[in-house]
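Hi there,

Here is the structure I promised to pass on. My notes on it follow below.

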Amino acid sequence: MTDERAGLPDHRVRHLRPGQDHALATAMAFVQQTLDDWYPAGRDRAETRRVRENAFLVADELVANACAHTPGPTRLDLDRAGRRLSISVTDGNAAPPVLLHPYRPDATFGHGLRIVERLALRWGHRPVGGGKTVWAELLPPMPRVNGFPVDQGRLE
């Protein structure tokens, strides 16, 4: 499926090598480029900025967790369907992600999945081969016209 307006694919994949020293930097450059393509700066600035910031932060947390708690991420997928944006990170460790309980805001660790939980519409994980995919789905806000949210699909 493609975005007819921009001619860009709605699904982008970046393959990564486990143990790659610069996996996080490589992954986040890919996320940044995709967000630049899908949500260009200048269109509905406040809303676009929020979508980009939230998506970048969620992707960063998911990839950083794979780098820190597994041999490393092997795949990063970004999907856009309508207004929904999904971010998925696959790694070779089958152990599920752990959301620490009780949450301790003063701790020096354990905040990543809390951030994902707060920013994502929903998130989870699923087994894949001998590993898992951790995913998060965001629902970007609708653009505003005269201060009111407008579903672009209804305008076309």
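Searching the whole structure turns up 8 salt bridges, a salt bridge being a side-chain nitrogen of Lys or Arg within 4 Å of a carboxyl oxygen of Asp or Glu. Before the details, please keep in mind that this is a predicted model, in which local features need pLDDT of at least 70 and side-chain atom pairs count only at pLDDT 80 or more, while totals for chains, interfaces and linings use all residues. Residues are numbered from 1 along each chain as its sequence is written, and side-chain values use heavy atoms, with hydrogens and water left out.

One of the salt bridges pairs aspartate 91 with lysine 132, with 3.0 Å between the closest N and O atoms. Aspartate 91 sits in strand 5 and lysine 132 in strand 7 (residues 131-138), so this pair ties together parts that are 41 residues apart in sequence. (Helices, H or I with at least four residues, and strands, E with at least two, are DSSP runs numbered from the N terminus.) Both aspartate 91 and lysine 132 are buried; buried means under 20% relative accessible area, exposed over 50%, and partly exposed in between, using a 1.4 Å probe and protein chains only.

Another bridge joins arginine 75 and aspartate 77, whose closest N and O atoms are 2.7 Å apart. Arginine 75 is partly exposed at 30% relative accessibility, whereas aspartate 77 is buried at 7%.

In helix 3, glutamate 117 bridges to arginine 114 at 3.6 Å between the closest N and O atoms. The two are 3 residues apart, which means about one helical turn separates them. Glutamate 117 is partly exposed, at 35%, and arginine 114 is buried, at 16%. Elsewhere, Arg84, Arg122 and Glu137 are joined into one network by salt bridges that share partners.

Now to helix 1 (residues 23-38). Its 16 residues should span 22 Å at 1.5 Å a residue, and the end C-alpha atoms are indeed 22 Å apart; the expected span is 1.5 Å times one less than the number of residues. Its buried residues include Phe30, Leu35 and Trp38. The backbone oxygen of tryptophan 38 is 3.4 Å from a polar atom of the arginine 80 side chain. Arginine 80 belongs to strand 4 (residues 73-81) and is buried, with a relative accessible area of 10%.

Finally, leucine 100 lies in the loop between strand 5 (84-91) and helix 3 (112-119). Leucine 100 counts as partly exposed at 34% relative accessibility.

Happy browsing!

How values were computed
A polar contact is a pair of N or O atoms within 3.5 Å; within protein, one must be able to donate a hydrogen and the other to accept it, and residues adjacent in sequence count only if both atoms are side-chain atoms.
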